[in-house]
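Got the model open in your viewer? Let's walk through it one selection at a time.

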Amino acid sequence: MRFIGRLFVGSLALLLAIPCGAAILGLGALLDPVSREVLGQLGLVGLFSGLNDLASGIGPETLLFAGVAFARALFVLLVVPPVLIAVLGETLNWRSAIWYGAGTGLLTALVPWLARGAARTGGSVAALGLEGRITAILFLTGAASGLIYWLIAGRRDHRHGAV
């Protein structure tokens, strides 16, 4: 019975932590002036190129595939790290705020680096600075979702009276 209770509380905590991480990601991207400028340029370029592609005869399925790729990237950034850290924390009985906050933040910040394979060498200072800003925003995104999970599901040790 205790397992079902932990499973329910953990699922509820993840359902609340993931949208919180998404909100922090959106706020971080909008509040950071450099990221806001880059996203604005990419958004306008993407909008105009999408309209040009539609006008030139490329089908809407191409835009659908781009939307699916974007949704997959958001899933990997916003859902996989909190779920992985939550499962590890519950399995290994690690219930500290540092584990959930820093662990989820580090894993979320590392996702683009892991997806790319390794750190890029020979990049310009401006590109490295932009990557650093994005990495910091991703760390805050993961840390926020990890801490929300901890507040709901991980604060109490199940050996001392948790569900």
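Start by selecting Asn93, which sits in the loop between α4 and α5. Is Asn93 buried, partly exposed or exposed? This is a predicted model, and in it Asn93 has 26% relative accessibility. Partly exposed covers the range between 20% and 50%, so Asn93 counts as partly exposed. Now check the backbone: the phi of Asn93 is positive, about 60°, even though Asn93 is not a glycine. That's worth a look, because most residues other than glycine have a negative phi.

Next, click on Trp94, in the loop between α4 and α5 (97-116). With a relative accessibility of 41%, Trp94 is partly exposed too. Show what lies around Trp94: leaving out residues up to four places away in sequence, Trp94 touches Gly89, Trp99 and Tyr100. Then draw a distance from the C-alpha of Trp94 to the C-alpha of Gly154; you should get 8.3 Å, although the two residues are 60 apart along the chain.

Now jump to helix α6 (residues 125-154) and pick out Ser145. Buried or exposed? Ser145 has a relative accessibility of 3%. The cut-off for buried is under 20%, so Ser145 counts as buried. Which residues does Ser145 contact, once neighbours within four places in sequence are set aside? They are Ala17, Gly21, Pro82 and Thr104. Add Gly142 to the view as well: its backbone oxygen is 3.0 Å from a polar atom of the Ser145 side chain.

Time for a pocket. Select Phe3, Arg6, Leu7, Gly10, Ser11, Leu14, Val83, Ala86, Val87, Glu90, Thr91 and Tyr149, and you have the lining of the second largest pocket. Two elements each give two or more residues to this lining, α1 (2-31) and α4 (80-92). Color them by element and you'll find that α1 has the largest share, with six residues. Color by residue type instead and the lining splits into seven nonpolar, three polar and two charged residues. The volume of this second largest pocket is about 200 Å³.

Last stop: color the whole chain by pLDDT. The mean is 82, and 77% of the residues reach 70 or more. Which element has the lowest mean pLDDT? Select helix α2 (residues 33-55), where the mean is 64; α4 has the highest, at 93. Where pLDDT is low, don't read the predicted coordinates in detail.

Definitions and conventions. Residues numbered from 1 in each chain as written. Predicted model: local features only at pLDDT ≥ 70, side-chain atom pairs only at ≥ 80, totals over all residues. Heavy atoms only, no water. 1 Å grid on protein atoms, 1.4 Å probe; cavity = no way out; pocket = protein on both sides within 12 Å on 5 of 7 lines; lining within 4 Å. Points joined across faces, edges and corners; volume = space filled by probe spheres on them. Helix = DSSP H or I, 4+ residues; strand = E, 2+ residues; numbered from the N terminus. Nonpolar A, V, L, I, M, F, W, Y, C, P; charged D, E, K, R; others polar. Buried < 20%, exposed > 50% of the residue type's maximum accessible area, 1.4 Å probe, protein only. Polar contact = N/O pair within 3.5 Å; in protein donor to acceptor, adjacent residues only side chain to side chain. Contact = heavy atoms within 4.5 Å. pLDDT = per-residue confidence, 0-100.
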